[in-house]
Amino acid sequence: NCPGQNTDAVAELAIGLLIAADRRIVNATDDLRAGKWKKSEYGKARGLKGRTLGIVGLGSIGSAVARRAKGLDMNVIAWSRSLTPQKAEELGIGYCAKLEELAEKADAVSVHVAAKKETNNLVGKDFFARMKKGAILINTSRGEVVDTAALKAAIAEKGLRVGLDVFAGEPEKGSAEFDPSLLKLGTVYGTPHIGASTEQAQRAIAMETAKIIRSFLTEETVPNVVNIA
């Protein structure tokens, strides 16, 4: 167990998907590859500076995303079960007492909660009903956290732009067939659950693993152990 070693990798992808959704980078690239120059079409992005990013779940990854978003001069607000107004003030971000409040205030939302029974479909119909038209949703946590049917309806009704690295019922193998129906909605950008997969992250995990093994061999202790009764 090597907590935190892939935090930066996931945060970087979340920001990448955020920018890609705002600037429609994939669509523009597809048109260029097809020999189509559509500067007038793709020059209509709203831009992120001064916009409000709402972060759902302010653990290590959510906090890393917050720092990067502030570097883009975005306003950051957050909702998390463990977040208090005092802690939010210390971090220099806005505090949301309820998830619905975050949905109403945010121009973009980035989801960073663990997959648990209580987070299944956490971002669902009620949440989308409160989001602004044309807002952006980013999910690099777990696919089951977002209600896919409600998301599809919200894309149609509100013109949401979406960046996903995770999908409900996604393949477990590294290479497999995949249902592309969600991606075909036009404003959905995706990657195949690669948030934690960078050379830097893999090296950090390997180094941490080596430290844990050395600790066990020399001190008979196992840092960050999770499976001892």
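Visitor: What makes two strands count as paired?

Guide: Strands (E, at least two residues) and helices (H or I, at least four) are DSSP runs, numbered from the N terminus. Two strands pair if DSSP finds at least two bridges between them. This is a predicted model, where local features need pLDDT of at least 70, side-chain atom pairs count only at pLDDT 80 or more, and totals for chains, interfaces and linings use all residues. Residues are numbered from 1 along each chain as its sequence is written, and side-chain values use heavy atoms, leaving out hydrogens and water. The requirement for pairing is therefore at least two bridges.

Visitor: How many bridges join E6 to strand E7?

Guide: Strand E7 covers residues 188-190 and runs parallel to E6. Glycine 163 stands opposite tyrosine 189 of E7. The number of bridges joining E6 to E7 is three.

Visitor: Which residue in E6 is the bridge partner of leucine 137?

Guide: Strand E5 (residues 136-139) pairs in the parallel sense with strand E6 (residues 161-164), over four bridges. In E6, the partner of leucine 137 is valine 162.

Visitor: Which element supplies the largest share of the largest nonpolar core?

Guide: A nonpolar core is a set of buried (under 20% relative accessible area, 1.4 Å probe, protein chains only) Ala, Val, Leu, Ile, Met, Phe, Trp, Tyr and Cys residues joined through side-chain atoms within 4.5 Å. The largest has 30 residues, and Val56 and Leu151 are among those with the most contacts inside it. Elements that each supply at least two of its residues include strand E2 (75-79) and helix H7 (125-130). The largest share, four residues, comes from H8.

Note on methods
Buried means under 20% relative accessible area, exposed over 50%, partly exposed in between (1.4 Å probe, protein chains only).
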